[in-house]
Amino acid sequence: MKTHTRAVVIGGGVVGCSVLYHLTKFGWDDVVLIERSELTSGSTWHAAGGFHTLNSDPNIAKLQGYTIRLYKELEEISGQACGLHHVGGVTLATDQERMDLLTAERAKHRYMGLDTHLVTPHEIADLCPVISVDGVVGGLYDPLDGHLDPSGTTHAYARAARIQGAEIYLRNRVLELNHKPDGTWDVVTEQGTINTENVVNAGGLWAREVGAMVGVYHPLHPMEHQYLVTDDIPEVYEREKELPHIMDPGGETYFRQEGRGLVIGIYEQDCDPWGVDGTSWDFGHELLPNNLDRISDPLEAAFKRYPCLADAGIKTVINGPFTFAPDGNPLVGPMPGVPGYWCACAVMAGFSQGGGVGLTLAEWMIEGEPSSDVFAMDVARYGDFCTNTYTREKVKENYQHRFSIVYPNEELPAARPLKTTPAYGIWDQQNAVFGSAYGLEHVNYFAPAGEDRMETPTFRRSNAFGTVGDECRAVRTAVGINEIHNFGKYEVSGPGAGDYLNTIMANRMPGVGRMTLTPMLSPSGKLIGDFTVSHIRQDHYQITGSSGAQAYHMRWFEQHLPDSRVEIKNISLDRIGFQIAGPKARDLLSRTTRTDVSNDALRFLSVQEMEIGGTPAIVCRVSYTGDLGYEIYVPAAYQVSLYQTLADAGKDLGLKTFGMRAMMSLRLEKSFGSWLREYKPDYTPAETGLDRFIHFQKPDFIGRDAAIAARDNPPSRHLATLIVDADDADVWGDEPIFRGGEVIGFVTSGGYAHFSEKSVAIGFIPNDMIEDGAEFEIEILGDMRRAVINNTPLFDPNGERMRG
């Protein structure tokens, strides 16, 4: 066994072997994999082996497509067969809501280049004659779906990696991971110690135990999952052509051919977490005891959907554990605060996603960043709010919703409320309807007295539509108040703070008392942050950005800290408060402070410390509503006092509370973008318009050369705002944009702008097609809706009220 290597991959399942292969593919041949037992000894060996491209996140769907296409390459390199069966697959819809979902997914696939098709019940029966289409209204057919041999595929990855220089050490459990002063790791194993620059946790069922070796908790949990293998069935083996996969979400089952019989898998509501207190190192090739009572109801539905089961015997019942993250996506990337330690965990769909996970991690480790936005599976999308109990409850909920319709406005209830601010009780008394992000409760809207505090999950306009409109109109005509705790907030201080920020941010840092908007770029010039920077006093700054990206951004901030002259702290829950916005916002603020807040004294993009009532506050002259507005930040202990001061002073001004639904409607009237919608690592400043916030003359900021190259060689596409002739459904994001019957772009986000009474879409369109009044079509739930470019903001087009 080697004593030094560039990277050690821990875990010999399909994911670990994929990571090893991709590291060698990208040029690192001095890499090893360590496995406690034999290859495939965890979840891999008992997996059903299915693969598919369908995923709600477009980039993960693309990576799943990459994984499926990779198998031919693996077979050619390794000489090992993967046992591929490209039989296609159909997802069934048994009601219109499910059909709406499949229609929306099919529309998304059009701009992604995936060749999926909506199919009728008659066509489904032709594709798969052994099922009953009773109650089926339609389906989505994907020709790429299929299944493979889990063992053969894992060994193909391993053999290809070995051919390209990697080594694999079996029957050799990792005992300790010790971080050394020089930044390397000592990987202590049963067979000796290996020193390495990088450790990859691909431990699967044992990922939690490996994480504990470095003092971190990974939010993942195993769940028991059962599937049945039948005896031979004449209706199956007498066919000349292999049956396609069938997913029946309404019945909680999936189906595929296995030799001369069938595999029937079930995602049941009555599900069981496994390994609550950890996974024993001795576990591996065992199965769990069968529990057919747990799946009796969906099994009964399966016999109705697949009538050929009536005379079939059960050959085998497989009940084994698989790991899930709270949202069902993998945990991938560098662990915040632990340099040189990488995650490739919670990959529950290893044969759909394993290749993409390996590709992503190899790009990240070797080239410094992934080639596409992978935030949906970045380990840094979770923070320290993920306790073991929270994780278990959310994983169970995700498992139960595995085949449920995912609505864009749905807020799932498990493990909530978890984190709240002092104002939570105030909002609760005012009939707030809450959402949650990054473990923290926030108000979506305020339900009218006597109405149900529940927004109807839907792809169309919900029961909140009228109420959100009232909140928007109150802001635009009087003054609204909204909590601003769900921004990520960071305090940067010290004699080197300005130089540090000028290095990691693309815009020039403001002078004392001023604010600036700035993108943060990766070395390749991609967007990795969208911030407001406030220079509160000398060498003391506040940065605000996306709440859900706190760990993601702190990881980047800390990776680039120069020395002890700069200190950065995440103060997201320590410094909270409210924004007030609308034409009477200045009147309200002036009633609460002795400080001059006239436009001459507190101009747009100014920041000032002052007392509001008896509360020490930082007041920023800015508002995401695009209106005259102020963000008022105070220490958390003062938040309730601040609210009472503002509420009392605003009674006769028509002060009204508003939530995030109204906020996201109001920003559309100014074409303001949103993080992970208009702005994310797939895009550049030149494509999104954020290049206007880059100070190109500033030397040596990260991403400068790439940003200059993009400026000098304009991209072929750009964001544009369109007004849509919508009916009862507005865009949410990822809908295709058509011109002349061809897909030419896609929607990043949108919705209904209540004050302007317009349905709005923001999306990418080729530059040569962008002109005021240009007409397009956007597919919304299968309907082609006319859409017209509108380059002028719907509200306050010249910014007179916002700046006045």
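This report walks through the internal spaces of a predicted model and then through one of its strands, β10.

**Cavities and a pocket**

Let's start with the enclosed spaces. Searching the whole structure turns up five cavities of 30 Å³ or more. The largest cavity holds about 60 Å³ of space. Around the largest cavity sit Trp-427, His-442, Val-443, Asn-482, Glu-483, His-485, Asn-486, Phe-658 and Met-660. Two elements, β20 (440–446) and β21 (479–483), give two or more residues to this lining.

The second largest cavity holds about 50 Å³. Its lining is made up of His-52, Thr-53, Leu-54, Gly-89, Thr-91, His-109, Thr-116, Leu-140, Asp-142 and Asp-145. Here β4 (89–93) and β6 (138–142) each contribute at least two residues.

Turning to the open spaces, the second largest pocket has a volume of about 610 Å³. A set of 31 residues lines this pocket, and those nearest its centre are Tyr-382, Gly-383, Asp-384, Tyr-438 and Ala-551. Helix α14 (residues 550–559) provides the largest share of the pocket lining, with five residues.

If you are thinking about the chemistry of these linings, here is how they divide by class:

| Space | Nonpolar | Polar | Charged |
|---|---|---|---|
| Largest cavity | four residues | four residues | one residue |
| Second largest cavity | two residues | six residues | two residues |
| Second largest pocket | 17 residues | nine residues | five residues |

**Strand β10 and its partners**

Now for the strand. Why is β10 (residues 185–189) described as largely enclosed by the rest of the structure? Five of its five residues are buried, so the surrounding structure largely encloses the strand. The burial covers both faces: Trp-185, Val-187 and Thr-189 are buried on one side, and Asp-186 and Val-188 are buried on the other.

Which strands pair with β10? One is β9 (residues 174–179), which runs antiparallel to β10 and pairs with it over five bridges. The other is β11 (residues 192–201), also antiparallel to β10 and also paired over five bridges.

Trp-185 takes part on both sides of this arrangement: it is the bridge partner of His-179, and it stands opposite Thr-196 in β11.

The connections are worth a look too. β9 and β10 form a hairpin with five residues between the strands, where Gly-183 adopts a positive phi near 90°. The hairpin of β10 and β11 has two residues between its strands.

Notes: Residues numbered from 1 in each chain as written. Predicted model: local features only at pLDDT ≥ 70, side-chain atom pairs only at ≥ 80, totals over all residues. Heavy atoms only, no water. 1 Å grid on protein atoms, 1.4 Å probe; cavity = no way out; pocket = protein on both sides within 12 Å on 5 of 7 lines; lining within 4 Å. Points joined across faces, edges and corners; volume = space filled by probe spheres on them. Helix = DSSP H or I, 4+ residues; strand = E, 2+ residues; numbered from the N terminus. Nonpolar A, V, L, I, M, F, W, Y, C, P; charged D, E, K, R; others polar. Buried < 20%, exposed > 50% of the residue type's maximum accessible area, 1.4 Å probe, protein only. Pairing = 2+ DSSP bridges.
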